[in-house]
Structure formats: structure tokens, C-alpha cells
Amino acid sequence: MITSKKIEELKNLFIKYYGESSEEIRFFTSPGRVNLIGEHVDYCGGLVFPAALTLSSVAAVRLNNSNTVNLRADDLDGLYSFSLSNTEAGKELKWGNYQAGVIHWLMDNGYEVRGMDFLFTGDIPFGSGLSSSAAIELTTAVAAASLSANYNEKGYDLINLALIGQKAEHTFSGVNCGIMDQFASAMGKKDNAILLDCATLNYKHVPLNLGEYTLILANTCKKHALGASAYNKRREEVSEGLIRMNNILGTNKENLCDFAEDDYIKAEPSLPADKIRDRVKHVIFENQRVKKAVEILEQGDLMGFGEMLKEAHISLRDLYEVTGFELDTMFDVACQTEGCIGSRMTGGGFGGCTVNIVKKSAAEDFIKSVGSAYEAKTGITPAFYVCDIGDGAREIKI
Ligand code: GLA
């Protein structure tokens with residue numbers, strides 16, 4: 001949660017770095033996200049169920065009357081710059097390629113982006129599977145669109161900005177991600193999750209009434225390496241899986257999530273018994289699980305919802321193989337701990353966080369006992385965050 005004190009400090013640091021000017025300093029923010037269920041289905045046209053966190057990225061931004069975009073962060077040394085006449089050069093930046101990518105695609109979209117100075121801060125732990133990169137992308141997008149020369153005429157549509165963020169990630173950082181993270185960061189709503197159909201971008205906000213329960217994020221503190229080829233590899237595997245399913249069933253579906261569980265059962269005997277078959281099974285069943293889980297949640301059956309989270313983790317562990325020792329250990333110890341009725345990895349996997357549904361009255365004990373059991377088994381000290389659900393990308397008016 002970024003407090004007004006933090007904003008004041010950011011402003012002072014901004015002036016220290018960039019000096020005084022008659023131009024106004026403005027503040028923009030966009031959150032990280034937790035995905036409650038629907039993992040590794042967004043790029044298969046599936047349903048996902050994320051929620052925006054109150055952990056967020058924040059930037060102080062000011063026009064600099066030049067043709068250059070300058071980037072700094074409060075926890076990094078150095079200045080990272082690129083020219084608006086050559087945004088492609090932003091790909092080579094050691095830090096700041098997400099921002100350069102967003103500005104590149106905003107300009108391509110008709111925004112007359114102007115030279116600006118940025119200073120970033122935030123409280124989303126990096127590499128924790130909570131989408132710090134999507135948060136930076138959406139903070140940049142809302143800021144650069146708002147300060148563009150033709151903002152009065154163009155305004156902005158948050159879903160369009162989410163798509164620009166995704167494009168930036170594909171082209172400027174080489175991660176072939178789906179739309180879930182940018183969408184959640186753009187469209188989050190306090191105390192609501194978002195049921196999003198990634199094939200159509202139709203969505204609805206669903207109130208998260210957890211009653212005597214709360215969500216706790218357990219960070220394995222094992223950094224995930226999304227850029228590492230494993231994520232892109234999964235995308236290739238499911239593309240191959242879609243071809244196989246269409247061939248076997250004589251269909252011409254566009255997305256793997258257009259198939260129902262029954263289609264899979266029918267095709268299974270003809271699918272080669274390899275990893276691609278496992279990936280396909282995960283995707284099709286996970287997509288159906290989201291539908292059921294949200295229905296169950298809307299009926300107030302939190303226990304049933306929690307059970308579906310556990311099933312989802314097991315599928316990600318055994319069929320999609322994106323968990324690993326640390327996430328599985330965190331999952332196992334959480335499931336054995338009193339007061340916890342649901343748990344699973346969240347995000348891309350290979351490290352990062354689990355999300356847990358825990359009785360409020362047991363939360364403190366949960367953190368203590370899961371923390372020590374996890375540390376004893378892995379040698380890593382974990383971190384925990386009680387998960388508050390916040391709003392999406394916006395300007396902070398002070
Ligand atoms: C990462 C990607 C998302 C999504 C998840 C897995 O967070 O950025 O698009 O694919 O992994 O569900």
C-alpha cells in the first residue's frame with residue numbers, strides 16, 4: 001500500500017534527481033495481481049479469475065520539453081533514457097524495456113507521446129509471480145497517455161492499454177504472455193475478482209465475500225524466471241496440442257479452451273501418451289474448473305472453492321509441470337495446517353507465491369507454522385502478505 005507519506009518522499013526524490021521545473025509532477029499507479037484460479041489458460045482462450053492487489057507500482061512523472069524519456073527507480077542506481085524518435089533502442093536498456101515498449105506501442109496507436117521524466121517506486125516483490133511487470137507497464141501506459149499532446153482528443157480505454165502492455169512484453173522483453181496480468185492490473189476493482197474470458201475479453205467483477213476467511217500470499221522467495229524458455233515452451237506445446245485435438249476430432253477450433261472435458265475424453269485414446277497430452281488435459285480441465293469454482297463461490301460455498309484451488313495446484317504440478325520443489329512444499333505444508341481450506345500456486349509458476357484461503361482467526365498461527373515448516377524443508381525464509389484486493393490503474397490525485 002503506497003501511503004501519502006511515500007508519495008511525498010517520491011516527489012522530493014524526483015526533484016533531487018530531475019531538478020525544479022514549471023511543469024507539474026503527476027503520480028500514476030497500477031497494481032500487481034493474484035490469480036485465484038485459471039492458470040496457464042489465458043493464452044488458450046480460457047477463463048481466468050484474478051484480482052488486483054493493493055501492492056502496486058507507482059511513478060512520479062513530469063514533461064521535460066525534450067524528445068527524450070528518462071527513467072529512474074528509487075531502488076536502482078542510474079538513469080535509463082531513450083529517444084522518442086527511436087523507441088526500438090529501448091529494447092537494449094538494462095532496465096526500462098517494459099516502459100520503452102509501452103511508449104513504442106502507444107505511439108503506434110496514435111498517441112502523441114511527449115518527452116517525460118519518470119521516477120518509479122513500488123511494493124510488489126519482484127519475481128514473486130504477482131505481476132510486477134504488468135504493473136509497471138500499466139503505470140507507464142496510463143501516465144504516458146495522460147501526458148500525451150492529444151490526450152484531450154483520445155483519452156484512453158483501459159482494456160486497450162492492457163493490450164498495449166501485453167504487446168510491449170511480447171516484443172520488448174521476449175515473454176509471450178497471455179492477457180491476464182495486464183487486464184487485471186488495468187481493470188481491478190476493490191474487493192472484487194475479475195472473471196475474464198480471454199478469448200473475447202468479456203468480463204465481470206465478482207465480489208469476494210470471504211466472511212471469516214482471508215487470502216494469504218505465501219512467497220517461496222524462490223525467484224521465478226518467466227523469461228526463461230519454460231513459459232514460451234509451454235505455449236509451443238499447447239499450440240501443438242490444439243493441432244492434435246483438431247486432427248483427431250475433425251474440428252477446426254481456434255483455441256484449446258473451446259474443447260470441453262468430454263472432447264478430451266473422446267480424443268484421449270488417440271493422443272500420443274506424452275507431455276503434450278498432459279498439457280492439453282490440464283488446459284481443458286482447468287478452464288472448466290474456473291467455471292465451476294466461480295459458480296460455487298457465488299453460491300457462498302467457500303470450502304468447495306478451496307478444494308478446487310487444491311485440485312488446480314495438483315494439475316499444475318502433475319500435468320503442466322510448472323510448480324517445483326519450493327511451491328510444492330509450500331502447498332503441502334499449507335494444506336496440512338489448521339484453518340487453511342484452499343491453496344495453490346499463483347501466476348506463471350517455477351517459484352513465486354502460493355495463494356491460501358485461511359480462517360482469519362488462524363492467520364497468525366498459519367504464517368508462523370507454515371513459515372517454519374517451509375524453512376525447515378527448503379532452507380529458504382519465506383515471506384507472507386495478507387492479501388487486500390484493490391483498484392486498477394489510475395492517476396493518484398493529491
Ligand atoms: C504469467 C503470464 C500470464 C499467464 C500466467 C499463467 O503470469 O504473464 O499471461 O499466462 O503466467 O496463468
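**Exercise 1. The open sheet**

Task: give the strand order of the six-stranded open sheet and its pairing type.

Solution. The six strands run in the order S5-S4-S6-S3-S1-S13, and the pairing is mixed. The model is predicted. Next, find the edges. Strand S5 (80-83) and strand S13 (394-396) each pair on one side only. The twist averages 30 degrees from one strand to the next. Now look at S4, residues 68-73. Four bridges join S4 to S5, and the two run antiparallel. In this pair Leu-71 stands opposite Tyr-80.

**Exercise 2. Helices on the sheet**

Task: state which strands helix H1 touches, and which strands helix H2 lies across.

Solution. Start with H1, residues 4-18. Helix H1 packs on the sheet and touches S1 (26-35), S3 (50-63), S4, S6 (116-122) and S13. Its direction makes about 140 degrees with that of S6. Then take H2, residues 97-108. Helix H2 lies across S4, S5 and S6, at about 130 degrees to S6.

**Exercise 3. Nonpolar cores**

Task: name the residues of the largest nonpolar core that touch the most other members.

Solution. This core has 72 residues. Leu-71, Ile-103, Leu-106, Met-116, Phe-118 and Leu-256 touch the most other members. By element, helix H3 (residues 132-146) gives the most, with seven residues. Next, trace the surroundings of Leu-71. Beyond four places in sequence, its contacts include Tyr-18, Tyr-80, Phe-82, Trp-95, Phe-118 and Phe-120. Finally, check for a separate core. Another core, of 35 residues, lies apart from the largest one; Leu-36, Phe-49, Ala-312 and Ile-389 are among its members.

**Exercise 4. Cysteines**

Task: explain why Cys-177 and Cys-198 form no disulfide.

Solution. A disulfide is a covalent bond between the sulfur atoms of two cysteines. The cut-off between the sulfurs is 2.5 Å. For Cys-177, the closest cysteine sulfur is in Cys-198, 11 Å away, so it is too far for a bond. For Cys-198, the closest cysteine sulfur is in Cys-257, 8.4 Å away, so that is also too far for a bond. Both residues are buried: Cys-177 has 7% relative accessibility and Cys-198 has 11%. A search of the whole structure finds zero disulfides.

Now add Cys-335, in helix H11 (residues 325-335). Cys-335 is partly exposed, at 26%. Leaving out residues up to four places away in sequence, Cys-335 touches Lys-310 and Ser-343.

**Exercise 5. Salt bridges**

Task: locate the partners of three salt bridges, those of Lys-359, Asp-274 and Arg-279.

Solution. The structure holds 22 salt bridges.

- Step one: Lys-359 meets Glu-212, at 4.0 Å from N to O. Lys-359 lies in strand S11 (residues 353-359) and Glu-212 in the loop between S8 and S9, so the pair ties together parts 147 residues apart in sequence.
- Step two: Asp-274 pairs with Arg-244, with the closest N and O atoms 3.0 Å apart. Asp-274 is in the loop between H8 and H9, and Arg-244 is in helix H7, 30 residues apart. Asp-274 is partly exposed, at 29%, whereas Arg-244 is buried, at 18%.
- Step three: Arg-279 meets Glu-321, at 2.9 Å from N to O. Arg-279 is in helix H9 and Glu-321 in the loop between H10 and H11, 42 residues apart. Arg-279 is buried, at 2%, whereas Glu-321 is partly exposed, at 32%.
- Step four: widen the view. Lys-233, Glu-237, Lys-275, Arg-279 and Glu-321 are linked in a network of salt bridges.

Notes. Residues numbered from 1 in each chain as written. Predicted model: local features only at pLDDT ≥ 70, side-chain atom pairs only at ≥ 80, totals over all residues. Heavy atoms only, no water. Pairing = 2+ DSSP bridges. Axes fitted to C-alpha atoms, helices over the stretch in contact; angles between N-to-C directions. Contact = heavy atoms within 4.5 Å. Buried < 20%, exposed > 50% of the residue type's maximum accessible area, 1.4 Å probe, protein only. Core = buried A, V, L, I, M, F, W, Y, C linked by side-chain atoms within 4.5 Å. Salt bridge = Lys/Arg side-chain N within 4 Å of Asp/Glu carboxyl O.
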